[in-house]
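Here's a quick walk through a two-chain model, one piece at a time. Keep the structure open next to you as you read.

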Amino acid sequence: MPAVTQTREAVEKLGQSSYKWGFETDIEMDMAPKGLNEDIIRLISSRKEEPEWMLEWRLAAYKTWQAMTEPKWAKVTYPPIDYQDAHYYAAPRKKPGPKSLDEVDPELLRTYEKLGIPLHEQAMLAGVEVPEGERMPVAVDAVFDSVSVATTFRKTLEEAGVIFCPISEAVREHPDLVRRYLGTVVPAGDNFYSALNSAVFTDGSFVYVPKGVRCPMELSTYFRINAKNTGQFERTLIVVEEGASVSYLEGCTAPMRDENQLHAAVVELVAMDDASIKYSTVQNWYPGDENGRGGIYNFVTKRGICRGARSKISWTQVETGSAVTWKYPSCILQGEGSVGEFYSVAVTNNRQQADTGTKMIHLGRNTRSTIIAKTISAGHSDSTYRGLVRVQPKASGARNFTQCDSLLIGDQCGAHTVPYIESRNMNARIEHEATTSKISEDQLFYCRQRGLSEEDAVGLIVNGFCRDVLKELPMEFAVEAQKLLQISLEGSVG
Amino acid sequence: MNAFSNSMSGPLALFANRLNTLAGAERQAAAGALARTGLPDRKFEAWKYTALRALGKQDYAAPPAQVDAGTARALLDGVLQPHPAMATLPRVVFVNGRHAPALSILPDGVDLSFFAHDPRFGLQAAPDRDPLVALNTALAEDGLLLRVPAGVDAGHVLLVSLGVAGVAPLSFHPRHAVVVEKDARLRLVCVQAGQGAYLHNPVMDIRVEDGATLEHVTVQAEAAQAISLGTLYAHVGHQGVYDSFVLGLGGQLVRHEVHARLAATRAVVHVNGAQRLGGQQVGDITSVITHAASDCTSRQTVRNVLDGHARGVFQGKVLVERIAQKTDGYQMNQALLLSPDAEIDAKPELEIYADDVRCSHGATVGALDDDQLFYLRSRGIPEQEARQILIDAFLDEAIALVADATAQTFCRAVLAARFAGKGELS
């Protein structure tokens, strides 16, 4: 069983509980002064060489944001955030316009190497790390603090007609596309953090897959917060035209620090007739230490719209990081017969808090949605599943199935399930089930009796518990996610 | 005493005249809390699905001193009539929130007194946390104070609340308290009915002491225009059993809110219910079941049948505190929508801080099953009748959980009397 070997290796390698992505890269940074005001927004916009409409859009969002108050309904607690005490723009200082990877700061490349993210296409193609054929090449967009530093495999993608580039570049190069779709799924005023993001977003990825094209490789964005006292506000927009499909993965890490840093991203997905988008996340922001000092506040708005008939959006997430998570990847099922899926594993340990789930809004006829959420709480952490299933009057024949399972490890943690079920159509069928339990003594005994250590046994059981979700991840990432689960739960047993 | 008049806005203003002339520190404190919070709107998470706009625009008057005796008697006979056995059981009747001795048959073997003579507010219901408890605290006039002495099986007691109003709305706010002492037993059946436009805003404070059992069935058949907003607190001791069921048939807007606390080991709580609503009715069953000790069991089954433009709300929270290891909790909410305009909003919620627990909940929403209908029709049963059979069967799975056979029969009879022969085709 390779999964078990993997898990065991991961534990052995790590020994002590640690966050191995916690290093800081010493790199020359270009930073805006602390604080948030119209001038800062103008500065961001001018650094990004944005057209006038983009600046106006940002300023309008900023106005909206100023009139809004922070939402308080999530089951998380954290000290008040001083929005003026952060840098809203931080970029690695570079010579103007690196045309190839050779021009990228070698320190940066080393950072991504340490993170295990190969930015050198040749190395990957030549199979230096993994024998060729065993692993599909993955196109990567690497975002370092506020800017995208490298995007790989762009040539291959261009040949297929797929646009995959930093969103700041898309604003300049493909303004019509960006303008047509930006803010249509998550309007600037949708919530406090989406308004903030719309005003100050710095980078992120833009994906456009034209009609009938099946994207030839996995697309991936890797987000890294590096600089101190910064917030990260990335913006991702994925548009998939009729009959096209794409699979996209995002990963994220940050250095270990005592202070809390804010990450407020917005992700928008648009799927036309018969299009399909698979969006996978392995979220591993620094979670803070065992006493809850430091860590990322992860307040993210992710939403996809199935505009076309028979379109499909599938969210898969493995959430192990962040001090506080507040995130509900959602699907608006507008097209007739469209499908929304949400598969989630959320792990909290130590003092972490997560309030996460999904929203499935059924608008069209015969729309279907599936929600599988697995929550694991350990240490002194609190984890909440919060999900909404809403069936509007026109969604005849809509169908939802929801399953939420929570696993508690230790007697100082909490696991909560808060589903909202709203049906306004008699021909819709909704089923929801949820369970909460601890790891069964019998299962543990069974494993121990066969010579597994307690930690290994727990790892095995946890992997089994999460299986329904992990199997939805692209293969390479499933392995990574499995390791991550192990590491996140270390020290929580015995 | 006009301290609050300026700060009372929204639906609270409909009570301002009465709230401004209160005597007594407790009532004034409650009115003060109300003036600060107002009556809840949809921004209150606990009131997300139920709006108090239904209270309307007209002031709520205090009930008149005299009520026509014949009207009250007819209402009482009407509501008990579906099951003749009910008419002879001991009962305490309140009309517009005031004890009506002429209609009552007081029970033996229990301590009985009335809030009007002995105004004790009890400890569980906190006006500063719940605006509707505050409204009750400020305006309560009367209520039943019932104590079953240790070791006594008190049999059945009916608590009947009748609202008698005309077109101009009035409100009454009875404050009841029920204590079932150690190893004692009581079967309490609450029946709510009435005519005209009124607000019924009861608060009931229940204590089930160690080893005691309270079987509690509530039948809500309020007047078509009535609004009923009740809050119930139950505290259950070691090996105590609080087994409750509510049958909701409306009013215009009815909310039945239960806070049950399993306070000592091996306590058992059931908070079951069924709603059968149509027209423009809104029915809300909200519960918070708190496991505050280890080895306790809670069960909840709620079934909703919604026709016409009716809207059903279910909010059920199960809270398991850190100390409550070995908790066994189960909750199921199911809804049947009979019409294209009916709506259900459900929020089953688990909040769990102990690890050695077995808790689960489920929820389903759907229409009548075509296959089941086809099965019945293929055996020669007309469509209308077939639908009725399926609806009855759906509700009966909840009603069957009522342990008290008399109360169970009563629930079925009330349902049958109300819906017999009424077509369900919409």
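How many residues does helix α11 of chain A have, and how far does it reach from its first C-alpha to its last? Bear in mind that we're looking at a predicted model here. The helix covers residues 454–470, so there are 17 residues in it, and its end-to-end reach is 22 Å, close to the 24 Å expected at 1.5 Å a residue. It isn't perfectly straight, though: α11(A) has a kink of about 35 degrees, centred on A:G464. Right after that glycine comes A:F465, one of the buried residues of this helix. The others on the buried list are A:A457, A:V458, A:G459, A:V462, A:C466, A:V469 and A:L470.

Now for the strands of chain A. Is β17 (residues 339–348) mostly covered or mostly open? Mostly covered: nine of its ten residues are buried. This strand has partners too. β14 (residues 312–319) of chain A pairs with β17(A) in the parallel sense, over eight bridges, and A:I313 has A:G340 as its bridge partner there. β17(A) also runs parallel to β20 (residues 368–378) of chain A, with ten bridges joining them. In that pairing, A:T348 stands opposite A:S377.

Strand pairing crosses between the chains as well. β23(A) and strand β20 (residues 343–352) of chain B are antiparallel and joined by six bridges. One place to look is A:E422, whose bridge partner in β20(B) is B:D345.

Here are the pairings side by side.

| Strands | Sense | Bridges |
|---|---|---|
| β14(A) and β17(A) | parallel | eight bridges |
| β17(A) and β20(A) | parallel | ten bridges |
| β23(A) and β20(B) | antiparallel | six bridges |

How many residues of each chain are in contact across the interface? On the chain A side there are 29, touching 32 of chain B. Three strands of chain A, namely β22 (399–409), β23 (414–423) and β24 (429–438), each supply at least two residues of that side. By type, the chain A side splits into twelve nonpolar, ten polar and seven charged residues.

Last stop, chain B as a whole. Its make-up is seven helices and 21 strands. The radius of gyration is 21 Å, close to the 22 Å that the globule rule gives for 426 residues, so chain B is as compact as a globular protein of that length. Its C-alpha atoms fill a box of roughly 70 × 50 × 45 Å along the principal axes. Buried residues make up 56% of the chain's 426. Of its contacts with a separation of 6 or more, 83% involve residues 24 or more positions apart.

Conventions: Residues are numbered from 1 along each chain as its sequence is written. Chains are lettered from A and ligands numbered from 1 in the order in which they are written. This is a predicted model: local features need pLDDT of at least 70, side-chain atom pairs count only at pLDDT 80 or more; totals for chains, interfaces and linings use all residues. Helices (H or I, at least four residues) and strands (E, at least two) are DSSP runs, numbered from the N terminus. The bend at a residue is the angle between axes fitted to the seven residues ending there and the seven starting there. A residue is buried if 20 or more other C-beta atoms lie within 10 Å of its own, exposed if 12 or fewer, and partly exposed in between; C-beta atoms are placed from the backbone. Two residues are in contact if their C-beta atoms, placed from the backbone, lie within 7 Å. Ala, Val, Leu, Ile, Met, Phe, Trp, Tyr, Cys and Pro count as nonpolar, Asp, Glu, Lys and Arg as charged, and the others, Gly among them, as polar. Two strands pair if DSSP finds at least two bridges between them. The radius of gyration is taken over C-alpha atoms; the globule rule is 2.2 Å times the number of residues to the power 0.38.
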